[in-house]
Protein chains: 2
Amino acid sequence: VQGAVSTENNQRITIAVDALGGDDAPAAVLDGAALALAQAGRQGLPLQLILAGPGEVVQPFAAEHDGQALAQPTTQAIAMDEHPASAVRSKKDSSIVVGCRLVREGVADGFFSAGSTGACMAAATLVIGRIKGIERPAIATLIPAPKGTVLLLDSGANADVKPEYLRQFALMGACYLREVLGAEARIGLLNIGSEEGKGSILAQEAYPLLSGLPGFLGNAEGHDIFSGRFNCIVTDGFTGNVVLKTIEGAVSGLFGALKGVFFSSLKSKLAAGLLRSDLQALKESLSSEAVGGALLLGVRGVAVIGHGSSTAAAIASGILTTARAATAKLPARIEAAIGPAQVG
Amino acid sequence: VQGAVSTENNQRITIAVDALGGDDAPAAVLDGAALALAQAGRQGLPLQLILAGPGEVVQPFAAEHDGQALAQPTTQAIAMDEHPASAVRSKKDSSIVVGCRLVREGVADGFFSAGSTGACMAAATLVIGRIKGIERPAIATLIPAPKGTVLLLDSGANADVKPEYLRQFALMGACYLREVLGAEARIGLLNIGSEEGKGSILAQEAYPLLSGLPGFLGNAEGHDIFSGRFNCIVTDGFTGNVVLKTIEGAVSGLFGALKGVFFSSLKSKLAAGLLRSDLQALKESLSSEAVGGALLLGVRGVAVIGHGSSTAAAIASGILTTARAATAKLPARIEAAIGPAQVG
């Protein structure tokens, strides 16, 4: 790292940012990073960024944001379609691997990337490492549902899981809600019926393991993501990922169909004009930009993965999400939560 | 059956209807049955109904629709929360079991119920029986997506499946699309990545089995339900059911949020007034009422299950869906399609 990172001031939160992550990188990342610094300033959050990426990209940014941003020049990049684990093993000087190494070495308090989810997962697991007692890290995504945000995990890290993994996902999700969002968990097991004993073999076996957890309310069905009853829904990474992308498709399909209605006549165009700002606000409140990232829970450091199509605003949200999880010392909280439960 | 069923006229399609199925039964069923007869008349479809249910419910209806409807009095009812298989075994004179028996005996060409999905599944499988070569019948649901209707199967019959079941689901779905809707299948395997080799062990093993089928386009992700690329998406009954209920929840949540926008100010109330009829039309086009039922594919007879909250309009759509599948002799078509494939 070029320039000295303040370690004397314990308050300062340092986040490593992958300057090459996302479809519109590095421009969207640099804009998002600047936005995050401005927003953090307004919120009184003492944020410092370390941008990992090509020197000619990150050094001018650090110079421009002297005292708030540092440059960590890297020479390699991992593309979206590379095999995650082998890319991470072979490209030691890629922005993703270097960003995770900064976290492992304690130079950064967290890492944010809007790059390849698989590569970030692999790098976080291989470079930063798993929390002791956690069998599989999970991707936790905040779904901005109209009746309240819902944390869905696993949303794609583990396509095949065991019942015990689901119990740990619930524990980690509850920890995030409590420590970072200040909310008590209302946990549901995603299933295809409301009563115990329903569903797949996995769901049937997981139910009794989950039922011992504080905040466990029972099975949640697909529509319960929007019912407001649960704020934490656990499932395997296959179902979770399909559900997440289904919601994205449904929301975008529905707004597309609404557009068709609005442009169908002069009368409706007029009406749409009156509603434009309210509808735009609704669309934004339901978009993933409001959240800006999915958390990788279960690794010994904070790592947040943004959507590949992240705009600057989404990158800024993602960086602030990373900073908040780091401020709350989330990995240590999860380790403490999982510890006694493992003994019991 | 009281009254003679015409077997001389091959054109006539006779559908057995469960008068006790659905939250608003029997009123919604009777209204829906009358609506179906009227719609069939307008479409030139020679539809005859046999209503199975309490004599005091079904006999007046048959008398009122003399020549178009028959009464099949039954003495038992299966509730939504009963254990499906044991209810079907113990209640031989329930409207669901009797309806299925009419199909097995060839008295009716198809059966429609908006009652317990599990009980209908169990009755259809136990009473009507599976098609030779089909390992597991599946529930196939038509999702009315803005860019074109998509057939999703299995949407809940089999929580745990084997790769070969998924191949058979695809075959049956393609058969329904071709024979009943006159559409060539564009088949996708629901998965969490677009390339072969991605996903759960099940999806990885199913891919090569599916890739030999005509119309197979590869993996479909959650958002592809709305992309218009596929018209037939296959998955296990756990994922399918979760996806279906997630879409229901998302659509209803979004229309709820829109309502909030519309009532937020005088200006928006005015605009909403101008859009009311167009929005209502959009909502209806996306609701399950437009389809009115899910098909039970793989049994040796036509059986269609309606949503528990079916209105009269939804019941009518469901009865007509049943009649169209019966007219197309769907079970025989599926048997013919699965036969040679089993040998190959």
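Let me start with the salt bridge that B:Glu221 forms with A:Lys245, where the closest N and O atoms are 2.4 Å apart; please keep in mind throughout that this is a predicted model. B:Glu221 sits in the loop between strand 8 (216-220) and strand 9 (232-234) of chain B, and because its relative accessible area is 12%, under the 20% cut-off, B:Glu221 counts as buried. What does B:Glu221 touch, once residues up to four places away in sequence are not counted? Its contacts are A:Lys245 from the other chain and, from its own chain, B:Leu190, B:Asn191, B:Ile192, B:Gly193 and B:Ser194.

That pair leads us to the interface as a whole. Across the interface of chain A and chain B the rule finds two salt bridges, and it also finds eight residue pairs in polar contact, with both residues at pLDDT 80 or more. Which elements give two or more residues to the side of chain A that touches chain B? They are helix 7 (201-210), helix 8 (237-262) and helix 9 (266-286) of chain A, and the largest share, 19 residues, comes from helix 8. If we sort the residues on that side of chain A by type, we get 27 nonpolar, 13 polar and six charged.

In terms of extent, 46 residues of chain A are in contact with 46 residues of chain B, and the area buried between the two chains is about 4,000 Å², with carbon and sulfur atoms giving 79% of that area. On the side of chain A, the three residues A:Ile192, A:Phe238 and A:Leu254 supply 17% of the area that this chain buries against chain B, which is more than any other three residues supply.

Let me now widen the view to salt bridges in general, of which a search of the whole structure finds 14 over all chains. Within chain A, A:Lys91 forms one with A:Glu82, at 2.8 Å between the closest N and O atoms, and A:Glu82 counts as partly exposed because its relative accessibility is 24%. The side chains of A:Arg178 and A:Glu179 also meet in a salt bridge, at 3.5 Å from N to O, and these two residues are linked with A:Arg333 in a network of salt bridges. A:Arg178 is partly exposed, with a relative accessible area of 38%, and A:Glu179 is partly exposed as well, with a value of 26%. In chain B, B:Glu179 forms a salt bridge with B:Arg178, with the closest N and O atoms 3.5 Å apart; there, B:Glu179 is partly exposed at 27% relative accessibility, and B:Arg178 is partly exposed at 38%.

Turning to aromatic rings, how many aromatic pairs does a search of the whole structure find over all chains? The search finds two. In chain A, A:Tyr207 and A:Phe216 form an edge-to-face pair, 5.3 Å centre to centre with 80° between the planes, and both A:Tyr207 and A:Phe216 are buried. In chain B, B:Tyr207 and B:Phe216 are likewise edge-to-face, with 5.3 Å between the centres and 80° between the planes, and both of these residues are buried.

I would also like to spend a moment on A:Pro137, which is placed in the loop between helix 5 (117-128) and strand 5 (138-145) of chain A. Is A:Pro137 buried or exposed? At 4% relative accessibility, A:Pro137 counts as buried. Beyond its neighbours within four places in sequence, its contacts include A:Thr125, A:Arg130, A:Leu296 and A:Val299. A:Thr125 is twelve residues away from A:Pro137 in sequence, and their C-alpha atoms are 7.7 Å apart in space.

Finally, some backbone geometry. Most residues other than glycine have a negative phi, and most peptide bonds are trans. In chain A, however, a cis peptide bond joins A:Ala25 and A:Pro26, with omega about 0°, and A:Pro26 is found in the loop between strand 1 (13-18) and helix 1 (27-43). In chain B, a cis peptide bond joins B:Ala25 and B:Pro26, again with omega about 0°. As for phi, A:Lys329 has a positive value of about 50° although it is not a glycine; this residue lies in the loop between helix 10 (312-327) and helix 11 (330-343) of chain A, and A:Lys329 counts as exposed at 56% relative accessibility. B:Lys329 has a positive phi near 50°, and B:Lys329 counts as exposed at 54% relative accessibility.

Methods:
Residues numbered from 1 in each chain as written. Chains lettered and ligands numbered in written order. Predicted model: local features only at pLDDT ≥ 70, side-chain atom pairs only at ≥ 80, totals over all residues. Heavy atoms only, no water. Contact = heavy atoms within 4.5 Å. Buried area = accessible area lost by both parts, 1.4 Å probe. Salt bridge = Lys/Arg side-chain N within 4 Å of Asp/Glu carboxyl O. Polar contact = N/O pair within 3.5 Å; in protein donor to acceptor, adjacent residues only side chain to side chain. Helix = DSSP H or I, 4+ residues; strand = E, 2+ residues; numbered from the N terminus. Nonpolar A, V, L, I, M, F, W, Y, C, P; charged D, E, K, R; others polar. Buried < 20%, exposed > 50% of the residue type's maximum accessible area, 1.4 Å probe, protein only. Phe/Tyr/Trp six-rings, centres within 6.5 Å; stacked < 30°, edge-to-face > 60°.
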